[in-house]
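Subject: A structure for you to explore

Hi there,

Here is the structure I promised to pass on to you. Please open it beside this email and follow along as you read.

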Amino acid sequence: MPSNDESSKPKDVDSYIANSAREARPTLEEFREIIKSTVPEAEEGIKYNIPFYEFHGTHVGFTAFKNHATVGIGADALQSEDRKMLEEKGYKTGKETIQIKYDQAVPTTEIQQLLEAKAEEAKKAQ
């Protein structure tokens with residue numbers, strides 16, 4: 001049975017990644033690098049026990065699962081045409097998320113473009 005004590009909760013993104021499955025780590029590191037390089041002003045932290053990045057009144061996050069990692073971009077940034085394009089390239093998407101299996105390449109350019117658009121929209125809304 002999983003433990004719910006405080007010691008099992010990640011303190012920071014480094015510990016989240018380090019405690020993730022070995023096959024998840026490269027994908028998680030890549031998500032982190034994409035977010036930090038695309039939105040350098042984003043404040044990195046842990047919320048809801050997952051890596052979370054806040055900027056201009058909005059946020060993105062990512063999480064590891066058994067066979068894939070998910071980056072949460074948000075329904076405001078992930079439009080139906082974005083989901084269709086990503087699905088045509090073999091990625092599974094949700095209303096706000098993109099799933100990347102550990103044997104798939106991370107769609108770096110597409111995630112960067114979505115993050116840039118999200119940051120621009122958030123700046124305008126402030």
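Let's begin with a question: which elements do the buried residues of α4 pack against? Keep it in mind while you find your way around, and please remember that this is a predicted model.

**Helix α4**

The helix α4 runs over residues 108–125. It has 18 residues and reaches 26 Å from its first C-alpha to its last, close to the 26 Å expected at 1.5 Å a residue. The buried residues in α4 are Glu110, Ile111, Leu114, Leu115, Lys118, Ala119 and Ala122. They cover an arc of only 165° around the axis, which puts them on the same side of α4. A general point helps here: an α-helix has 3.6 residues a turn, so residues three or four places apart point the same way.

Now for the answer to the opening question. The buried residues of α4 pack against the helices α2 and α3, and against the strands β2, β3, β4 and β6.

**The nonpolar core**

In soluble globular proteins, nonpolar side chains tend to be buried together. Here, the largest nonpolar core has 29 residues, and the members that touch the most others are Phe31, Ile98 and Ile111. At least two residues of this core come from each of α1 (13–18), α2, β2 (50–55), β3, β4 (68–72), β6 (97–101) and α4.

Try clicking on isoleucine 98. Not counting residues up to four places away in sequence, isoleucine 98 touches a long list of residues, including Ala69, Thr70, Val71, Leu78, Leu86 and Tyr91. Ile111 and Leu114 are also among the residues that isoleucine 98 touches, and both of these are buried residues of α4.

**Aromatic pairs**

How many aromatic pairs does the structure hold? There are 3. In one of them, the ring centres of phenylalanine 31 and phenylalanine 62 are 5.6 Å apart and the planes are at 55°, so the pair is tilted. Phenylalanine 31 belongs to helix α2 (residues 25–38) and phenylalanine 62 to strand β3 (residues 58–64), so this pair ties together parts that are 31 residues apart in sequence. Are these two phenylalanines buried or exposed? Both phenylalanine 31 and phenylalanine 62 are buried. Together with Tyr53, they form one aromatic cluster.

Another pair brings in tyrosine 48 and phenylalanine 52. Their ring centres are 5.7 Å apart and their planes are at 65°, so this pair is edge-to-face. The partners sit in contrasting surroundings: tyrosine 48 counts as exposed, at 70% relative accessibility, whereas phenylalanine 52 counts as buried, at 10%.

**Salt bridges**

A search of the whole structure finds 8 salt bridges. One of them is in helix α3, where lysine 84 and glutamate 88 lie 4 residues apart, about one turn of the helix. Their side chains meet at 2.8 Å, N to O. Lysine 84 counts as exposed, at 52% relative accessibility, and so does glutamate 88, at 60%.

Helix α4 has salt bridges too. Glutamate 120 and lysine 123 are 3 residues apart in α4, about one turn of the helix, and their side chains meet at 3.7 Å, N to O. Glutamate 120 counts as partly exposed, at 41% relative accessibility, and lysine 123 is also partly exposed, at 39%. Lysine 124 and glutamate 121, also 3 residues apart in helix α4, are separated by about one helical turn. Their side chains form a salt bridge at 3.6 Å, N to O, and both lysine 124 and glutamate 121 are exposed.

Elsewhere, Asp14, Arg32 and Glu44 are linked in a network of salt bridges.

**Aspartate 82**

One last residue to look up is aspartate 82, which is found in helix α3. Is aspartate 82 buried or exposed? At 18% relative accessibility, aspartate 82 counts as buried, because buried means under 20%. Leaving aside neighbours within four places in sequence, aspartate 82 is in contact with Ala77 and Leu114. Leu114 is one of the buried residues of α4, so you end up back at the helix where this tour began, since the buried residues of α4 pack against α3 among other elements.

Enjoy exploring, and write back with any questions!

Best wishes

Notes:
Residues numbered from 1 in each chain as written. Predicted model: local features only at pLDDT ≥ 70, side-chain atom pairs only at ≥ 80, totals over all residues. Heavy atoms only, no water. Phe/Tyr/Trp six-rings, centres within 6.5 Å; stacked < 30°, edge-to-face > 60°. Buried < 20%, exposed > 50% of the residue type's maximum accessible area, 1.4 Å probe, protein only. Core = buried A, V, L, I, M, F, W, Y, C linked by side-chain atoms within 4.5 Å. Contact = heavy atoms within 4.5 Å. Expected span 1.5 Å × (residues − 1). Arc of directions from axis to C-beta. Salt bridge = Lys/Arg side-chain N within 4 Å of Asp/Glu carboxyl O.
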